[in-house]
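Got the viewer open and a selection box ready? Let's walk through a few helices, one stop at a time.

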Amino acid sequence: MIRYSRVIGTGGYLPEEIRTNEEISKTVDTSDSWIYERTGIKSRRIAGPNESAASMAEIAARQAIEAADCDPETIDLIIVATGTPDHVYPSTGCLLQQRLGIKNAAAFDVQAACSGSIFALNIADQYIKSGAAKKVLIVGTEVCSRIVDWTDRGTCILFGDGAGAILLGASEQAGVLSTHIHSDGEFKDLLYCPNPQAATDTNKSELGFISMRGNEVFKVAVNTLGRIVDETLEANKMNKSDIDWLVPHQANIRIIMATAKKLKMSMNQVVVTLENQGNTSSASVLLAFNEAIRDGRIKRGQVVLLEAFGAGFTWGSALIKY
Ligand code: COA
């Protein structure tokens with residue numbers, strides 16, 4: 001008997017405040033047309049003063065649990081992907097566990113920047129396939145707005161806040177077909193966010209904001225995501241035409257279009273949320289997946305390719321029969 005992990009529920013949360021390109025152009029030298037043409041982004045959501053990675057994760061997780069019609073006590077494991085945790089420790093996973101009142105689960109965080117939710121999916125899938133867990137809650141949650149330097153026009157235009165969740169359950173029916181994750185720390189200086197409190201004397205003066213060489217990141221992202229698409233198809237002995245939906249990390253519409261082109265997919269088969277959400281880092285793929293499931297685009301039995309790329313660099317994919 002083959003044991004699969006299957007998606008049994010999804011959820012998502014976006015904070016109320018909308019910050020448009022026009023608003024950003026009032027504080028840095030940019031414009032709505034520049035941002036939209038180069039990135040595909042028009043606005044992003046910003047967490048309220050009393051919201052955090054954990055509070056947003058709770059809302060997304062509760063939705064996923066409700067969609068799965070599942071007793072929270074049957075969840076064995078909670079994995080939270082975040083680069084903006086409420087605390088250094090306890091993990092946001094533990095904070096979420098406490099908020100959900102789930103006693104019998106282990107909980108921890110995964111830090112793989114924008115690829116975090118794919119890394120979390122990879123881990124969850126191994127736990128379920130091996131029989132070590134039966135139900136795993138995965139949440140990607142980010143308050144990127146708090147690690148963005150709002151005076152840096154190269155980065156502040158890109159990011160937004162939000163949380164997405166998936167509940168995976170063990171099943172004999174096909175679900176997650178394969179996951180693939182990679183890292184290359186050689187690229188550590190192209191995209192990073194320092195932690196001044198834990199830094200050495202030489203780096204202590206750096207502020208805890210995102211620093212990025214956007215153009216170089218862009219090029220590596222396009223090449224790398226092209227390669228992971230090939231790797232995923234090969235591993236499953238599938239053709240491009242076998243994929244019904246692409247759910248990409250929402251960093252830049254031009255990166256997304258390059259991956260769609262590589263797959264010979266029409267943009268009608270690509271879930272795009274970044275226009276009104278920006279890049280929500282580890283939340284982005286899960287938010288997009290949840291949106292397309294809830295609005296009826298992604299249907300049971302369809303094959304969905306999730307992919308992401310982020311600081312590290314890290315990158316990964318998950319092929320899912322929904
Ligand atoms: N408004 C107006 N001009 C801007 C700008 C902004 N918000 N940001 C940068 N510029 C300027 C630059 O200063 C530069 O000016 P110069 O030619 O006078 O030096 C010019 O625009 C071109 O800069 P460049 O960085 O080459 O632009 P780009 O076409 O690469 O677009 C990004 C910049 C950030 C939109 C793009 O590189 C990108 O999206 N990269 C990927 C980032 C990403 O996905 N990161 C997350 C990965 S998970």
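## Stop one: H6 against H7

The crossing of H6 over H7 is right-handed. Keep in mind that you're looking at a predicted model. To see this pair, select residues 214-235 for helix H6 and residues 253-262 for helix H7; their axes come within 9 Å and cross at roughly 30 degrees. Angles under 35 degrees count as roughly parallel, so H6 is roughly parallel to H7.

Now show side chains at the contact. On the H6 side, pick Phe-218, Ala-221, Val-222, Leu-225, Gly-226, Val-229 and Asp-230. Facing them from H7 are Arg-254, Ile-255, Ala-258, Thr-259 and Lys-262. Colour by class and this contact comes out as 7 nonpolar, 2 polar and 3 charged residues.

## Stop two: H3 against H4

Which angle do the axes of H3 and H4 make where they cross? Select residues 53-68 (helix H3) and residues 92-100 (helix H4): the axes cross at roughly 55 degrees and come within 9 Å. That angle makes H3 oblique to H4. The crossing here is right-handed.

For the contact, H3 brings in Ala-53, Ala-54, Ser-55, Ala-57, Glu-58, Ala-61, Arg-62 and Ile-65. From H4, add Thr-92, Leu-95, Leu-96, Arg-99 and Leu-100. Sorted by class, you get 8 nonpolar, 2 polar and 3 charged residues between H3 and H4.

## Stop three: Gln-98

Stay on H4 and click Gln-98, which lies in that helix. Is Gln-98 buried or exposed? Its relative accessibility is 61%, so Gln-98 counts as exposed, the cut-off being over 50%. Next, draw a distance from its C-alpha atom to that of Leu-191: the two residues sit 93 residues apart along the chain, and the C-alpha atoms are separated by 33 Å.

## Stop four: H5

Last selection: residues 116-130, helix H5. Put a distance between its end C-alpha atoms and you should read 21 Å, which agrees with the 21 Å that its 15 residues should span at 1.5 Å a residue.

Which residues of H5 are buried? Highlight Gly-116, Ser-117, Ile-118, Phe-119, Ala-120, Leu-121, Asn-122, Ala-124, Asp-125 and Ile-128. Then step past the end of the helix: Gly-131 follows H5, and its phi is positive, near 90 degrees.

Definitions and conventions
Residues numbered from 1 in each chain as written. Predicted model: local features only at pLDDT ≥ 70, side-chain atom pairs only at ≥ 80, totals over all residues. Heavy atoms only, no water. Axes fitted to C-alpha atoms, helices over the stretch in contact; angles between N-to-C directions. Helix = DSSP H or I, 4+ residues; strand = E, 2+ residues; numbered from the N terminus. Parallel < 35°, antiparallel > 145°, perpendicular 65-115°, else oblique. Left-handed = near helix turned anticlockwise from the far one by under 90°. Contact = heavy atoms within 4.5 Å. Nonpolar A, V, L, I, M, F, W, Y, C, P; charged D, E, K, R; others polar. Expected span 1.5 Å × (residues − 1). Buried < 20%, exposed > 50% of the residue type's maximum accessible area, 1.4 Å probe, protein only.
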